[in-house]
Every structure is written in C-alpha cells, then in structure tokens.
Amino acid sequence: CSDRCTCGRGLATCSLDKLERAEHAAGGRFGSGGNPGALFDFVVEERYESSGKVLYKKHVEKNLALGVPMEAALNLDEVAAYNAKKAEADAAAVGGKRTADEMVVVPDVPFAAALNRWKAEEDGLAFRGGVANKRQRFGSFPPLLAVQIRREVIGEDWVPKKLEVSLHMPETLDLTSLRGLGGLQPGEEAMPEEAAEATGGGGAAADAPVPEEALMMLMSMGFD
C-alpha cells in the first residue's frame, strides 16, 4: 500500500505528504475524533484449530511487536569466535590489566526472520482444557505501522536482560501476504464460543497508549 507508512527505531518511511494522505484515509486529522493513536490501530486476526474445529478471534493493536530469533543471525560463526576470544581475554585479565577491546561483534539478524517468527503457526498451545494450533494475521492495516523490536528477554538464569543484536529495518515493507482470511472459511467447522467470547470480552481498550517511539516520530514531523 503506497500510502501506508512505517515507524520504527531508526526508520521513518513517512514523508509529510504520505502522512497527510494517511490522515485523510483515517477519517481526517489524526483519525476520528482528533485522536493521534487512531492512526496506529490495526486488527490482528487469530485462528485457533483444535480437534478439527476452528475459532477466529480479533483484537486491536497499536504496534507490531516482534521477537528476535537469535538463531537466525547471519554471522553466528563470527559471534562465536568473538565470544570465545573475549572469554579468553577475560580469564587472562584476572588480577591484571586488560587490554582494550577490539570491535564488538553482535548477532546480525534479518528483519524478515523476526517477521517470520510472528507469522509462524504455534503448535500445542494450552487452550480450553486441551491443545490447539494458533496462527495470527492482519485483519486490517493501519495508516501508520509502528514496529517494536522486543530485545528484552528472560535469560536461562531467569534474570531479565537486553539482547545485544543488530537488526536492520527494511526500506519498504509489503505485508499483503499476511492479510487475514476474514473469518470462517468453506469446509471449516466452527468451534463453539464460550460465554465470555460471545459477549465480546477480551478486546483491547480503545484508549490504549500510543507507543512512545511512534509518538515521538509524529512530534518530530511537526504534529503535537
């Protein structure tokens, strides 16, 4: 979609002209009701399959949160060699003076790998007392797409840490192949809804906060 824009750390494919067109498409300045957060809203369609039956759920998000698949790094050998050399230097420096570090080598993970993890089907999820497979897709696309790269993880020792990783955002991003099906398809058998789902529970709050980086991006463009 040529009039869609992407915002992320180190990336802004939104020209002012594109931003104005995005606002117009969203229903006016900053979307409906003058709310800038409406420009980031998009629907995520979740498909659950269990025992041959299917359930579709939808909820609203304001950013595309992507995990970092470290195993997909393009320079695993270089990272391993650097870490081994660093460990040797650390051991030799015990009780002595350590030499200056050489250039740090961090994993170089393709953005496509992070997106592939988001769209991949999850198997064996606990669901309604049994197990189900889950797949997520876009139910709608926002005028502005905010992308959050989730570098905060829990280590093997259960201590939170931030991944040191290089992940380059693409200049363009085509998500049309990730458009959802729109609900139950021919040949699929619907899974009965539970009471909370039938009453519309579980939706995202309409006043969910706008991602800070996306808000700063708007302000840098002259909108406040």
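1. A good place to begin is the largest nonpolar core, which has 22 residues, with Leu64, Leu66 and Phe138 touching the most other members. Such a core is a set of buried Ala, Val, Leu, Ile, Met, Phe, Trp, Tyr and Cys residues joined through side-chain atoms within 4.5 Å; buried means under 20% relative accessible area with a 1.4 Å probe, protein chains only. Helix H3 (111-119) gives the largest share, five residues.

2. Before going on, please note that this is a predicted model, where local features need pLDDT of at least 70, side-chain atom pairs count only at pLDDT 80 or more, and totals for chains, interfaces and linings use all residues. Residues are numbered from 1 along each chain as its sequence is written, and side-chain values use heavy atoms, without hydrogens and water.

3. Now for the strands (DSSP runs of E, at least two residues, numbered from the N terminus). S3 (residues 42-50) runs antiparallel to S7 (residues 130-138), joined by six bridges; pairing takes at least two DSSP bridges. Arginine 47 has arginine 135 in S7 as its bridge partner.

4. On to the hairpin: S6 and S7 form one with two residues between them, and arginine 128 in the turn has a positive phi of about 55°. Four antiparallel bridges pair S6 (residues 122-127) with S7, including one from alanine 126 to valine 131.

5. Last, have a look at glutamate 46 in S3. Glutamate 46 counts as buried because its relative accessibility is 9%. Its side chain makes a 3.1 Å polar contact with that of tyrosine 48 (N or O atoms within 3.5 Å, one able to donate a hydrogen and the other to accept it; residues adjacent in sequence count only if both atoms are side-chain atoms).

Technical notes. Buried < 20%, exposed > 50% of the residue type's maximum accessible area, 1.4 Å probe, protein only.
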